[in-house]
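Please open the model in the viewer and display side chains as sticks. The tour below proceeds from one charged pair to the next.

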Amino acid sequence: MSSMPPWPVAAEHFEMPRVMRWLYWLAPWMTAGTAVFLAMLPFTAADDPQSCHDNSALLAWVAVLGGGAFGLLTLALLGPARRVGRTATSVDGDGLWATRDGKAAGLVPWTHITALRDWPLLKRLELLDAAGHVRASLECVLTDFSRLRMRVLERAVLPPFAMPPDGVVRQPWSSRALRLAGAAGMAALCLWLQDDKPWTAYGGAAFFLVLGAWDFATTPSLLRLRPESLEVGWPFRQISITRASVRDISVEDDPQQLLEGTVVALHRAPDVPPLVLRGLKTTPAELYRLLRAWQAGPR
């Protein structure tokens, strides 16, 4: 049974905290300043007589890649900064709307929402209609956003989610390889940049290698659905839980995850920590609906 309370008589309102509004306004200026700083590094280092000329090639790469990346990030943050005043959202049994517009002028009926699109890095959830047009954009920093997302999942008219033919959902090998390559690349960068403090470089390299190994070992690589049980596999272990032991399934936000901040949690006995699923070859919304269909299967 779902832990979500029934729909209230009055509309529910979700607003962005004041401090987050200020951060949204300041973020484009901060990233733009960082882009300019990185782009000017080769020129400022050339004016420094004590600079190391051996790093001129590295500074050029940092200027091009870093300045370009932060420039693109600035462009991506301009839109959310302009929409700060319209992020507050209200919902009821009929649909949702921007609080500032009012229900009469801005209502988007639940029947018009047929698809969801996650933007984990931008912390945004877009609601799409049948034509693929964005009907509403929800910022994940809204107060009690997990509750708002569950309201959307309950009422949006999403197409039926097909159960995998073999009942197995896996983590893509490309994703696993990219994670390991990223950790190895950061470790190699630490060793390459070492100057007169090799132990600092070794410590940084060890940190990224341990972080990559921990991520590899703790990210589920396999999810197998059986009629009465669920098997979850990691690279070095596997567990099986019964369908009867699963009390609730929810989509939650994990602040410790940057690229995968949204996870699906399986709640069992009160004294048992939730089983968190992430990194699989499906979106959190699809995985939630898949597990709901499995949970509601024949008893």
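Begin by selecting Asp-101, which is partly exposed (between 20% and 50% relative accessible area, with buried under 20% and exposed over 50%; 1.4 Å probe, protein chains only), its own value being 32%. The model is a predicted one, in which local features need pLDDT of at least 70, side-chain atom pairs count only at pLDDT 80 or more, and totals for chains, interfaces and linings use all residues. Residues are numbered from 1 along each chain as its sequence is written, and side-chain values use heavy atoms, with hydrogens and water left out.

Next, add Arg-86, whose side chain meets that of Asp-101 in a salt bridge at 2.9 Å, N to O. A salt bridge here is a side-chain nitrogen of Lys or Arg within 4 Å of a carboxyl oxygen of Asp or Glu. Arg-86 is partly exposed, at 42% relative accessibility.

Now move to Glu-126 and Arg-117, where the closest N and O atoms of the salt bridge are 2.8 Å apart. Glu-126 is buried at 9% relative accessibility, whereas Arg-117 is partly exposed at 32%.

Finally, select Glu-12 and Arg-147, a salt bridge with its closest N and O atoms 2.7 Å apart. Glu-12 counts as buried at 11% relative accessibility, and Arg-147 as partly exposed at 23%. Add Arg-151 and Glu-154 to the selection: salt bridges that share partners join these two residues with Glu-12 and Arg-147 into one network.

To close, one may display every such pair in the model; the count comes to 16 salt bridges.
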